[in-house]
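Thanks for making the time this morning. I would like to walk through a few local features of one model, and I will keep to backbone angles and charged side chains.

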Amino acid sequence: MGASCRRRAEAATAATAPGAGAMSPRPAPEIREAWLLAAQEEDAEAAGWCARLCEDLQGAEAFAASDGLDAFISVAMGQSVKGSGGLMVALAEALTMEMSEFKVAIFETLCAAAQWPSLKGRIAGCGVLGVITAKLLSPRPHPPSKALMARLCGMLATDSPEVRQLGDTRRATEFARLREQLIASGAVKALVAMLSAGAIEAASAAGAIEKLAEAASEEISAAGSSCGSTGDSMTAETKEREHPNESCHGTFDKTIQELISSAAVPAMLKRLVAPDNNNDAEDELVALEAIASSLSKLMTLEGCTELIAPITEPTTVEDLCKVLGVASRGHHDLGGFSEQRKMVQHLLRCLHHLGTKHDCWPEFSKDLAEDLYGLLLFRCAAAAPFLQAILLKLPTSDSAAFLCYFERKRLHQALQELMNNSIDVGSSAAVIKILDSFQQCHRCGVIGSFPACGNCKLVAYCSKECQRSDWKSHKLQCQKIAELTNSAGRIRKEILDSQGNFNVALFLRAFQGLIGFAVSFVWDLGHFLRNFPINICQSDPTSHTFERQVDMYMLSPFGS
């Protein structure tokens with residue numbers, strides 16, 4: 001593990017320790033002393049301290065106010081305290097030399113500060129992106145450094161989403177120019193190539209590509225909105241459909257086109273479908289999680305129809321379902337489901353968006369149903385919305401057939417637990433509502449719209465054959481339930497007058513019959529409980545007979 005990875009791991013450990021969070025506010029003299037020590041002595045430890053300080057907004061702004069940010073930018077641009085060096089020296093070093101621990105800590109500090117909108121423009125506009133690009137294109141492989149440069153490319157070439165919503169056209173133009181600089185230098189192609197490299201580089205490259213595509217999508221949407229407001233004869237939607245990567249002003253979006261020509265999405269899919277087993281399993285999972293997250297995000301972007309075209313192909317959808325099946329059952333190299341939970345969540349969202357937004361649905365097979373059923377039993381939150389979308393897409397008869405692969409009671413319980421934990425309450429409630437709209441055959445368990453037993457009205461059968469086969473075990477309960485229903489109805493009639501109001505005299509007259517019925521009820525209940533171990537406990541707990549007997553025990557307190 002490189003020095004930068006160690007520092008980030010230590011920072012993450014400190015941040016997650018009990019009672020610990022972001023670095024507590026530091027006085028300005030201490031901050032100035034730290035960055036001066038780092039800049040003058042090239043102290044990697046002091047520079048790493050500054051990086052951790054900038055993980056918090058208050059610390060980052062205090063660091064910038066003490067002139068530390070400008071000093072670190074100068075160091076990144078090749079300047080030294082003695083005044084020697086310069087941009088050309090920095091570019092030459094980036095292309096030909098490996099980064100020292102000190103330089104890595106300097107760029108980590110810039111990366112930490114660039115996450116804050118108030119400092120992002122200041123860092124992006126200083127020209128340091130050229131040095132970052134040079135290091136990204138360097139033929140000397142150093143995975144931690146390349147991963148750091150990839151993250152910086154994604155952060156410095158795209159503005160923060162909350163700032164983009166403000167509509168600052170001048171700022172948007174500056175960031176668009178930075179993206180053009182990345183394209184012209186070949187950095188985007190380098191990012192795509194990193195998807196097939198080590199796990200650390202692949203994860204960082206996927207995140208950077210996602211940011212670039214998101215920024216380009218928002219530009220296309222903004223251009224479409226302004227075009228639509230001018231009253232052109234061709235609407236923004238029509239132009240996007242005919243020319244998916246061309247804005248309403250006729251300017252072809254170079255970022256999207258560069259990602260398409262570089263085959264960014266096919267490279268992501270290739271890594272996701274065929275993971276690199278030579279990498280550490282934990283590191284590879286981080287890469288797969290980042291790639292799955294990026295693909296899921298790309299599904300939601302506007303103006304990226306051609307970019308995501310490889311994902312919408314039927315063979316790709318089936319490949320994603322296979323990856324989902326392997327992950328939900330626990331891949332032997334990448335660990336069990338608990339280790340792959342995040343990746344599975346992103347895959348489910350990706351499949352959900354493919355179906356609902358692009359009408360690219362997988363085959364509604366038994367394997368898919370069993371995978372979703374298992375994920376719901378593991379309380380996987382993203383499985384409920386996907387199952388809801390499938391059930392709404394399918395006709396009623398096909399929905400019932402798809403639900404036959406689920407064990408109804410356990411599914412209901414899993415969805416209820418998701419609701420109790422405030423996880424996807426709406427989707428879980430919708431699936432429960434759909435599930436409750438179907439009956440389950442009391443004999444074979446098939447789900448559908450079936451008629452209830454004509455006598456007790458409480459159980460349903462899918463066919464007369466199932467009803468006849470189950471009559472031997474259902475007969476006594478059916479008769480007792482019918483007697484209970486009829487007795488309750490008769491007593492209700494006996495204690496109500498002609499206007500339907502409660503009458504005390506009629507109630508006392510019927511009270512003797514009510515006592516007799518209660519005594520008979522308790523007698524039959526005790527008889528059934530004495531015979532319960534014989535009726536049920538001797539059955540095989542895995543058999544359908546056992547489940548039906550337990551169901552009947554829960555259904556009625558009467559036994560033979």
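**Arg379 and the salt bridges**

Let me begin with Arg379, which counts as partly exposed because its relative accessibility is 26%, a value that lies between the 20% under which a residue is called buried and the 50% over which it is called exposed. Please keep in mind throughout that this is a predicted model.

Arg379 sits in the loop that joins α21, residues 366-377, to α22, residues 383-393, and its phi is near 60°, which is a positive value in a residue other than glycine. I point that out because most residues other than glycine have a negative phi.

The side chain of Arg379 also takes part in a salt bridge with that of Glu417, with an N to O distance of 2.7 Å. Since Arg379 belongs to the loop between α21 and α22 while Glu417 belongs to helix α24, residues 408-420, this pair ties together parts that are 38 residues apart in sequence. As for the partner, Glu417 has a relative accessibility of 28% and therefore counts as partly exposed.

How many salt bridges does a search of the whole structure find? The search gives 11, and I will take up two others here.

In one of them, Arg271 pairs with Glu284, and the closest N and O atoms are 2.9 Å apart. Arg271 is part of helix α17 and Glu284 is part of helix α18, residues 281-298, so this salt bridge links parts separated by 13 residues in sequence. Are these two residues buried or exposed? Arg271 and Glu284 are both buried.

The other is formed by Glu465 and Arg468, whose closest N and O atoms are 3.8 Å apart, a distance that is counted because the cut-off is 4 Å. Here both residues lie in helix α26, residues 464-495, and they are three residues apart, about one turn of the helix. Glu465 is partly exposed, with a relative accessible area of 48%, whereas Arg468, at 58%, is exposed.

Finally, I would like to return to the backbone and to Ala263, where phi is again near 60°, a positive value in a residue other than glycine. Ala263 is placed in the loop between α16, residues 254-261, and α17, residues 264-273, and with a relative accessibility of 31% it counts as partly exposed. Helix α17, which follows that loop, is the helix that holds Arg271 of the pair with Glu284.

Conventions. Residues numbered from 1 in each chain as written. Predicted model: local features only at pLDDT ≥ 70, side-chain atom pairs only at ≥ 80, totals over all residues. Heavy atoms only, no water. Helix = DSSP H or I, 4+ residues; strand = E, 2+ residues; numbered from the N terminus. Buried < 20%, exposed > 50% of the residue type's maximum accessible area, 1.4 Å probe, protein only.
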